[in-house]
Amino acid sequence: MATVDEIRHRVSQVVDPELKRSLGDLRQIRDVCCSDDGIAIDVELLTPAYPDPDRLKVLIQEELQDEAAAGRSVTVRIHPTVRGRDAGGRIGLNVHNIIAVGSGKGGVGKSTVAAALASGLKSFGCRVGLMDADVYGPSIPHMMGADGQPAAKELQGPDGRKIVRIEPIDVGGIRLMSMGFFMEDGQSVVWRGPMLHKALTQFLKDTDWGELDYLIIDLPPGTGDVSLTLSQLVGLAGAVIVCTPQQVALLDAVKAVDMYRKVNVPVLGFVENMTGEIFGRGGAARVAEELQVPFLGEIPIQACIRELSDQGRIPALLDQDSPARESLQHVCRSVAMEVARHLLETPSAPTLEIL
Ligand code: ADP
């Protein structure tokens, strides 16, 4: 009969089928308990969005088949936990992973994907915030059906002084903030350079996000100031680039990759949106391969996506009976796994110092 240490050693050699590394290497084994009758193993998952936890369970059980054959029961318990860079520490945020969603060009569905990503990660059980930083067209509140204005509340700072924090709007458990809440119509035009930097900094810092596993930030389209500002402020887990299969949108996406690489933001990969008869299919996957960035999945052009977005019901796209559920879940899983993979490769936060 194997001892606890022997069991732990054997389980630590099981290779995670998604990350292709051993559980020991990934520090995923939380606890191993043994008695004469049974073995219980507690395993941590790197994200609740992990694609197939049961497969991992089976692999561990197979490893301990001989113990089961000898009459010991083998129980594997899975505990989803989100690790992160704790990217916002520098400005006092308690957020494990900050994911930017960008595009080279407007109208490719960037905000839709950002809202769907937040909704999908929430549906897997993650603690999620969604920040609309698209000052040139803040559409997230409408898509998510958020009404009302965020309230300000006074708190006591560590030195006894009063500090003001803005309370995000709660949409089905997603903490949502939009620069749009604080803009007059047309004001966005003048938000360039230092002003935009200041507004964004304040906006991120002064929001009472609470503890989050993922904060999704919907960036303005293009290769502009906002991504640069963000990469100076926080250690981004990475950027998701949304594009359509059309050539022109793809070329813009290539420029976006170049820009993120210049400012040291990991590119998590491409999402192809509006795949289908009208725009074609597969363009983004091809370009992703050429540029050696991951392809995170495709989202078909579907009436329900536009309709639910117009109705302010993006979270319903993840409902059991939604025709968009499968593709969106796939994209969410790919993004979460890519974040986990980057974290394993480069555990320290990338920061671009402000000159
Ligand atoms: P962007 O943020 O890139 O400007 P939006 O997310 O605002 O783009 O999307 C533009 C329009 O396209 C919206 O009306 C949205 O509902 C619609 N849309 C986005 N993705 C899809 C899709 N996969 N299928 C159908 N309509 C979509």
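Biologist: In this predicted model, how far does a polar side-chain atom of Ser 309 lie from an oxygen atom of the ligand?

Modeller: The model is predicted, and its side-chain atom pairs count only at pLDDT 80 or more. A polar contact needs a pair of N or O atoms within 3.5 Å, and the pair formed by a polar side-chain atom of Ser 309 and an oxygen atom of the ligand is separated by 3.4 Å.

Biologist: What share of the ligand's area does the protein bury?

Modeller: The ligand taken alone exposes 560 Å². Of that area, the part buried by the protein is 80%.

Biologist: Which elements give two or more residues to the shell around the ligand, and in which pocket does the ligand sit?

Modeller: The ligand is placed in the largest pocket. Two helices and two strands each supply two or more residues to the shell around it, namely α4 (110-123), β12 (267-275), β13 (295-300) and α10 (303-310).

Biologist: How many residues of the shell around the ligand are nonpolar, polar and charged?

Modeller: The ligand is surrounded by 17 residues, and the closest are Gly 107, Gly 109, Lys 110, Ser 111 and Thr 112. Glycine is counted among the polar residues in this division, and the shell around the ligand then comprises seven nonpolar, eight polar and two charged residues.

Biologist: How far is an oxygen atom of the ligand from an N or O atom in the side chain of Thr 112?

Modeller: Thr 112 is listed among the closest residues to the ligand, as is Gly 107. For Gly 107 the partner is a polar backbone atom, which lies 2.9 Å from an oxygen atom of the ligand. For Thr 112 the partner is an N or O atom of the side chain, and its distance from an oxygen atom of the ligand is 2.5 Å.

Biologist: What is the phi of Met 274, and in which strand is its place?

Modeller: Most residues other than glycine have a negative phi. Met 274 is not a glycine, yet its phi is positive, at about 65°. The place of Met 274 is in strand β12.

Biologist: Is Gln 292 buried or exposed?

Modeller: Gln 292 also has a positive phi, of about 55°, although it is not a glycine. This residue is found in the loop between α9 (283-291) and β13. Its relative accessibility is 72%, and because the cut-off for that class is over 50%, Gln 292 counts as exposed.

Biologist: Which residue's side chain is joined to that of Asp 42 by a polar contact of 2.6 Å?

Modeller: Asp 42 has its place in strand β2 (residues 38-45). Its relative accessibility of 8% falls under the 20% cut-off, so Asp 42 counts as buried. The polar contact of 2.6 Å joins its side chain to that of His 79.

Biologist: Is Asp 252 buried or exposed?

Modeller: Asp 252 lies in helix α8 (residues 247-262). Its C-alpha atom is separated by 19 Å from that of Val 135, which is 117 residues away along the chain. Because its relative accessible area is 17%, and the cut-off is under 20%, Asp 252 is buried.

Biologist: How far apart in space are Asp 36 and Gly 312, C-alpha to C-alpha?

Modeller: Asp 36 is found in the loop between β1 (29-34) and β2, and at 58% relative accessibility it counts as exposed. In sequence, Asp 36 and Gly 312 are 276 residues apart, and in space their C-alpha atoms are separated by 56 Å.

How values were computed: Residues numbered from 1 in each chain as written. Predicted model: local features only at pLDDT ≥ 70, side-chain atom pairs only at ≥ 80, totals over all residues. Heavy atoms only, no water. Near = heavy atom within 4 Å. Polar contact = N/O pair within 3.5 Å; in protein donor to acceptor, adjacent residues only side chain to side chain. Areas by Shrake-Rupley, 256 points an atom, 1.4 Å probe, with all protein chains shown as cover. 1 Å grid on protein atoms, 1.4 Å probe; cavity = no way out; pocket = protein on both sides within 12 Å on 5 of 7 lines; lining within 4 Å. Sits in = over half its atoms within 2 Å of the grid points. Helix = DSSP H or I, 4+ residues; strand = E, 2+ residues; numbered from the N terminus. Buried < 20%, exposed > 50% of the residue type's maximum accessible area, 1.4 Å probe, protein only.
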